[in-house]
Amino acid sequence: MKLGILSIIIAIIGIFFTIKFNIETAELFQTQILELSNKSEINPIIIKTDVTSKIIIITIALIGIFLGVKSIKSKSKLGIIGIVLSIVLLVLSFIPIWQYILQDSTLDINFIN
């Protein structure tokens, strides 16, 4: 398999994992909020899950960028698409999409404070 195609596939898989991790974090946060009747703090598993998923996603993005650069060095134009998708994945890893998912839900949560 060519390195450019492999870079594109890895970036698309990383984008899929980013969306999946954000949906799971939103569901976890929503269940913690619903259970938060007498407690004063949220379970720290949400923060650990978010940090772990960011590390995994950044690693996948860096692998995609590396394979894209190797593909460009071997005169393949598909490496550019792989690098662009990997950079999009890298940017998505720092955007908290799960907060936007919760803002559209029935919970009244304000994350701006």
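Okay, a definition before anything else: when I say helix, I mean a DSSP run of H or I at least four residues long, numbered from the N terminus. With that settled, helix 1 is the top contributor to a nonpolar patch on this protein, giving 3 residues. I'll come back to that patch in a minute.

Please keep in mind that what's on the screen is a predicted model. How confident is the predictor, on average, along the chain? The mean pLDDT is 82, and 78% of the residues score at least 70. Going element by element, helix 3 has the highest mean, at 92, while helix 4, residues 97–103, has the lowest, at 76. As a general caution, where pLDDT is low, the predicted coordinates should not be read in detail.

So, the overall layout. The chain has 4 helices and 0 strands, and reading along the sequence you get α-α-α-α. There are 113 residues, and 29% of them count as buried. If you take contacts between residues at least 6 apart in sequence, 72% of those join residues at least 24 apart. As for the outside, the chain exposes about 7500 Å², with carbon and sulfur atoms supplying 68% of that.

Let's go inside. Which residues make up the largest nonpolar core? There are 6 of them: Ile15, Phe21, Ile57, Ile60, Ala61 and Leu89. Helix 1 and helix 2, which runs 45–73, each put in at least two residues, and helix 2 gives the most to this core, with 3. In general terms, nonpolar side chains in soluble globular proteins tend to be buried together.

Let me pick one residue from that core, Ile60, which sits in helix 2. Is Ile60 buried or exposed? Its relative accessibility is 17%, so Ile60 counts as buried; the cut-off for buried is under 20%. What does Ile60 touch, if we skip residues up to four places away in sequence? The answer is Ile10, Gly14, Phe17 and Leu89. There's also a C-alpha pair to look at here: Ile60 and Ile13 are 47 residues apart in sequence, and 8.6 Å apart in space.

Now back to the surface, and that patch. The residues making it are Ile5, Ile9, Ile13, Leu78 and Ile81, and together they cover about 370 Å². Two helices each supply at least two of the patch residues, namely helix 1, residues 3–35, and helix 3, residues 78–93. Take Ile81, over in helix 3. Ile81 has a relative accessibility of 43%, so it counts as partly exposed. Patch residues need over 30% relative accessible area, by the way.

Next up, charges. How many salt bridges does the structure hold? Just 1. The partners are Glu24 and Lys20, whose side chains meet at 3.9 Å, N to O. The cut-off for calling that a salt bridge is within 4 Å. Glu24 and Lys20 are both in helix 1, and because they sit 4 residues apart there, about one helical turn separates them. How accessible is each partner? Glu24 has a relative accessible area of 37%, so it's partly exposed. For Lys20 the value is 37%, and that residue is partly exposed as well.

A stop at a loop now. If you go to the stretch between helix 2 and helix 3, you'll find Lys75. Lys75 has a phi near 65°, which is a positive value in a residue other than glycine. For background, most residues other than glycine have a negative phi. Lys75 is exposed, too, with a relative accessible area of 76%.

Last stop, helix 4, where we find Ile97. Where does Ile97 fall on the accessibility scale? At 23% relative accessibility, Ile97 counts as partly exposed. Leaving aside neighbours within four places in sequence, Ile97 is in contact with Asn22 and Leu92. And here's another C-alpha pair: Ile97 and Thr25 are 72 residues apart in sequence, with 9.4 Å between them in space. Do remember that helix 4 is the element with the lowest mean pLDDT, 76.

To recap, then: we have a predicted model with 4 helices and 0 strands. Inside, there's a core of 6 nonpolar residues, and helix 2 gives the most to it. Outside, there's a nonpolar patch of about 370 Å², and helix 1 gives the most to that. Happy to take questions.

Note on methods: Residues numbered from 1 in each chain as written. Predicted model: local features only at pLDDT ≥ 70, side-chain atom pairs only at ≥ 80, totals over all residues. Heavy atoms only, no water. Patch = residues over 30% accessible without salt bridge, like charges linked within 9 Å, V, L, I, M, F, W, Y side chains within 5 Å. Areas by Shrake-Rupley, 256 points an atom, 1.4 Å probe, with all protein chains shown as cover. Buried < 20%, exposed > 50% of the residue type's maximum accessible area, 1.4 Å probe, protein only. Core = buried A, V, L, I, M, F, W, Y, C linked by side-chain atoms within 4.5 Å. pLDDT = per-residue confidence, 0-100. Contact = heavy atoms within 4.5 Å.
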